[in-house]
Amino acid sequence: MTYEESLKQLEELVRQMEAGNYSIDQLAEKLTQAQQLISQCKEKLYKTDSEIKKILEKS
Amino acid sequence: MDALSLIELNSMVRHVIERSMGREYWVEAELSECRENRGHCFMELIQKDEHSNTPIARASAKCWQSTWGMLGPYFERTTGQPLHAGLKVRLQVYPQFHEAYGFSWIITDIDPTFTLGDMARRRQEIIRQLKEEGVFDLQKELSLPLFCQNIAVITSQTAAGYGDFVNQLADSPYDFHTQLFPAIMQGEQVEQSVISALNQIYELYTLNSQFDCVVIIRGGGATADMSGFDALDLAENVAQFPLPIITGIGHDRDECILDMVSHVRVKTPTAAAQFLISHLDITSQRIDTCAEHINTFFSLLKTREEARIDKLSSYLPILISHLFEREQHRLEMLEQRAKALDPAILFKRGYSMTLHNGHLLRNAADVKPGTELETRLEQGTIISIAK
């Protein structure tokens, strides 16, 4: 899945959540999924990940 | 017949020309060559057939240092570019035939507005052609990926603009990857040089799609030669390129054709970097908005569910006490009914009951004479024999 797809999936998930389309039982699973998508997208966007890689390469 | 020496013959030509064409003329022609040497400017003028494009007239022209020292900078200031091959020019000239160097037009004035007009006409012609080919707006139909982070940069490696661009991206919080494709950004080689850089990017892109967009930037003064960016071939290449192209070629005059066909046009390399950063800001905001919505949703959900539970838990004792009361009432009713059925009460009122072998008797016909019967009373029991 590309990051672009991840972000779109995340937005859809939030929409479904707010529309009340998930049961309480499903919500925990959906929340985990949403948090994974958020961190995945942010990691791609910001320098953290690649900076760590650069530091590891130097050492 | 006596033959003339060459210098005698050439002198005759010179005299004829000086006598019959001893004034100045304005001439319109195209430059096929133009070079400066020791402050003088040497040109080749050409006129091409309108249809076949083959030369139908040709002549050398010279502008001596004393005149060129003024005309050269004047032309460049007015048109935004130095005199160079390919331009159409209107020149004031007088003829000169030198016995040793041959024929040449000597330039005394130049009309840059004619060149400007011709450039504008050519630009219009290129725009018309691009529209006719249906490629003029193609770049506008592309969209930048949300995560636009891998940037192919076309510029001159030594240009300050490139450094500004890369530094600006590096100062942002985002993870950009840039790859330089060096090109000549000034003068006559611009067109071919930029096209060949685009071709390199295209090859890499078709191999592994490693770029999200292309940036063509150029730092520097507004008076530099921009004509290369108005070329048809380059415009066609840019317009039909599969990746969005952002131009920031820094100039003051109206858009050049390259700007018109690109996906987005900004003024400077720094502005191009700023544009890319803002684009990621929007993506980042979308992620943050999702996170905020999730937080709000869960805190609302929590409050709502807590309220539900609270309501239930405070209702529960009331419900239970109601249930208790009801059960108690039922029990009491049952007790009363049970009491009403208690034979001891009947005995008290004087009733008795008769049993045979421990079974209650209800019908006298069930009793045969001689059967032993047991009759219970409030106080005591009577054993009797039936007759």
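Student: What makes β1 (residues 25–37) and β4 (residues 88–98) of chain B a pair of strands?

Tutor: In this predicted model, β1(B) and β4(B) run antiparallel and share six bridges; strands are DSSP runs of E with at least two residues, numbered from the N terminus, and two of them pair if DSSP finds at least two bridges between them, so the six bridges satisfy the definition. Val27(B), for instance, stands opposite Leu91(B) in β4(B).

Student: How do you know that β4(B) also pairs with β5 (residues 102–110) of chain B?

Tutor: Eight bridges join these antiparallel strands, and because at least two are required, they count as paired. His98(B) has Gly102(B) of β5(B) as its bridge partner, and a hairpin of three residues joins β4(B) to β5(B).

Student: Why is α6 (residues 190–208) of chain B called a helix, and how does its reach compare with the expected span?

Tutor: Helices are DSSP runs of H or I with at least four residues, and α6(B) has 19 residues. The expected span is 1.5 Å times one less than the number of residues, which gives 27 Å here, and α6(B) reaches 27 Å from its first C-alpha to its last, close to that expectation.

Student: What makes Val194(B) and Ala197(B) buried?

Tutor: A residue is buried if 20 or more other C-beta atoms, placed from the backbone, lie within 10 Å of its own, and both Val194(B) and Ala197(B) are among the buried residues of α6(B).

Tutor: Residues are numbered from 1 along each chain as its sequence is written, and chains are lettered from A in the order in which they are written.

How values were computed:
Predicted model: local features only at pLDDT ≥ 70, side-chain atom pairs only at ≥ 80, totals over all residues. Buried ≥ 20, exposed ≤ 12 C-beta atoms within 10 Å, placed from the backbone.
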